[in-house]
Amino acid sequence: MAGVNIDDVFKRYGSVQVMHGVSIDIEDGEFVVLVGPSGCGKSTLLRMLAGLEPISQGTIRIGEKVVNDVLPKDRDIAMVFQSYALYPHKTVAQNIGFPLKMAKRPKAEIDEKVGRAADILDLTKYLDRYPKALSGGQRQRVAMGRAIVRDPKVFLFDEPLSNLDAKLRVSMRMEIKELHQRLKTTIVYVTHDQIEAMTMADKIVVMRDGKVEQIGAPLDLYDNPQNVFVAGFIGSPSMNFVKGRIRGASGAREFVSEGGLVLPVPAEASVADGHEVVYGIRPEHISIGEGGVPMDVVVVEPTGSETQVFARSGTDLIDTVVKDRISARPGEKLGFHIDLSRVHLFDAKTQQRL
């Protein structure tokens with residue numbers, strides 16, 4: 001096992017710069033998820049870590065070794081791709097053991113490691129099957145098994161669940177997390193799905209446009225986003241954002257949106273009168289009841305365990321998630337209560353947290 005250090009890494013394609021001084025420290029045995037929208041650079045960074053893409057500037061270390069110019073096969077890493085990339089004419093056992101066969105390892109060693117990997121991944125009864133006789137989840141487990149037998153210092157996962165249906169993704173998330181708990185090997189995992197990031201990671205790296213926006217534990221990012229982008233990307237449903245300005249003196253301030261919606265402001269917030277801000281509040285931190293901010297119901301979406309309510313005041317639309325089943329109808333006026341301890345204020349120009 002080994003930690004990973006990515007220090008001030010840049011990537012250029014000719015005159016186009018796609019990575020801008022990325023620095024990330026990954027502890028030995030840590031499960032780190034790189035997350036962000038399509039095109040943010042997360043897969044490019046993973047490929048540079050694997051040695052499949054040269055870096056233009058900076059340093060990458062695996063353990064104590066600088067690997068900038070080390071070939072992929074000599075980096076002691078194993079990569080699991082979005083595509084299973086299994087050999088259709090080989091059995092599960094042969095697919096799992098293929099890296100060891102290519103390394104000319106003794107048959108007894110191959111059999112022992114294949115058996116151990118199959119036991120870890122619950123594939124023992126499928127060892128004689130061919131990929132065409134497996135489900136998508138089983139094929140992905142075979143791909144993971146092929147990585148496990150190499151006993152790498154670092155596992156790299158590049159959106160491995162993207163080809164699976166929603167139910168299977170949930171079960172595979174659990175299996176990968178359980179695998180990490182068993183092997184205790186460093187994992188760097190790329191996904192665009194923030195739910196995967198929140199549920200699996202020890203540490204999340206949020207990326208945008210080739211830059212790191214914020215690094216932290218899942219709940220730290222959820223509770224204390226540094227800017228509007230992170231606040232909107234982490235959490236499902238997404239945080240509500242309303243643009244406007246602060247009105248009133250200290251102790252008697254309120255927020256007034258561009259559309260005229262008036263919302264309460266935390267007393268401890270040190271924002272001056274007239275300051276333009278983005279007011280952020282998560283849907284789950286708004287409750288419905290008497291005496292709240294009056295808004296007109298637009299859409300009600302019951303899901304069984306909770307109800308999602310979209311309401312409008314003027315031009316401002318607010319999303320609310322409540323645990324109760326409510327019988328509200330479109331056009332009905334309800335009171336919405338803001339949990340002031342959960343309000344986030346961001347500077348309207350810099351988009352940074354105030």
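Start by selecting Lys113 and Glu109: their side chains meet in a salt bridge, with N and O 3.3 Å apart. You are looking at a predicted model, so every stop on this tour is a computed one. Now colour residues 107–120, which form helix 3. Both Lys113 and Glu109 sit in this helix, 4 residues apart, or about one turn. In the whole model, the salt-bridge rule gives a count of 20.

**Two domains**

Next, give residues 4–232 one colour and residues 241–347 another; these are domain 1 and domain 2. Where are the C-alpha centres of the two domains? They lie 39 Å apart. Domain 1 brings 9 residues to the contact, and domain 2 brings 8.

While domain 1 is coloured, try selecting residues 4–234 as well. The unreviewed UniProt entry places the feature "domain: ABC transporter" on this stretch. Helix makes up 36% of residues 4–234 and strand 26%. Pick the C-alpha atoms at the two ends of this stretch, and you will find them 24 Å apart.

**Where the domains touch**

Zoom in on the place where the two colours meet. The size of an interface is often given as the accessible area lost when the parts come together. Here, domain 1 and domain 2 bury about 660 Å² between them, and carbon and sulfur atoms give 59% of that area. Which three residues of domain 1 should you select to see 70% of the area it buries against domain 2? Choose Tyr222, Val228 and Ala231, which supply more than any other three residues.

Now show Arg342 and Asp223 as sticks. They form a salt bridge, and their closest N and O atoms are 3.7 Å apart. How many salt bridges does the rule find across the interface of domain 1 and domain 2? It finds 1. The interface also has 2 residue pairs in polar contact.

Colour helix 7 (218–223) and helix 8 (228–233) next: each supplies at least two residues of the side of domain 1 that touches domain 2. That side of domain 1 divides into 5 nonpolar residues, 3 polar ones and 1 charged one.

**Two unusual spots in the backbone**

Before the last two stops, keep a general pattern in mind: most residues other than glycine have a negative phi, and most peptide bonds are trans.

Follow the chain on from helix 8 into the loop that leads to strand 11 (240–247), where you will find Pro237. The peptide bond from Ser236 to Pro237 is cis, with omega near 0 degrees.

Finally, select Glu159, in the loop between strand 7 (154–158) and helix 5 (166–183). Is the phi of Glu159 positive or negative? Glu159 has a positive phi of about 45 degrees, although this residue is not a glycine.

Conventions:
Residues numbered from 1 in each chain as written. Predicted model: local features only at pLDDT ≥ 70, side-chain atom pairs only at ≥ 80, totals over all residues. Heavy atoms only, no water. Domains from an automatic or database assignment. Contact = heavy atoms within 4.5 Å. Buried area = accessible area lost by both parts, 1.4 Å probe. Salt bridge = Lys/Arg side-chain N within 4 Å of Asp/Glu carboxyl O. Polar contact = N/O pair within 3.5 Å; in protein donor to acceptor, adjacent residues only side chain to side chain. Nonpolar A, V, L, I, M, F, W, Y, C, P; charged D, E, K, R; others polar. UniProt positions renumbered as here; feature names shortened; annotations may be inferred.
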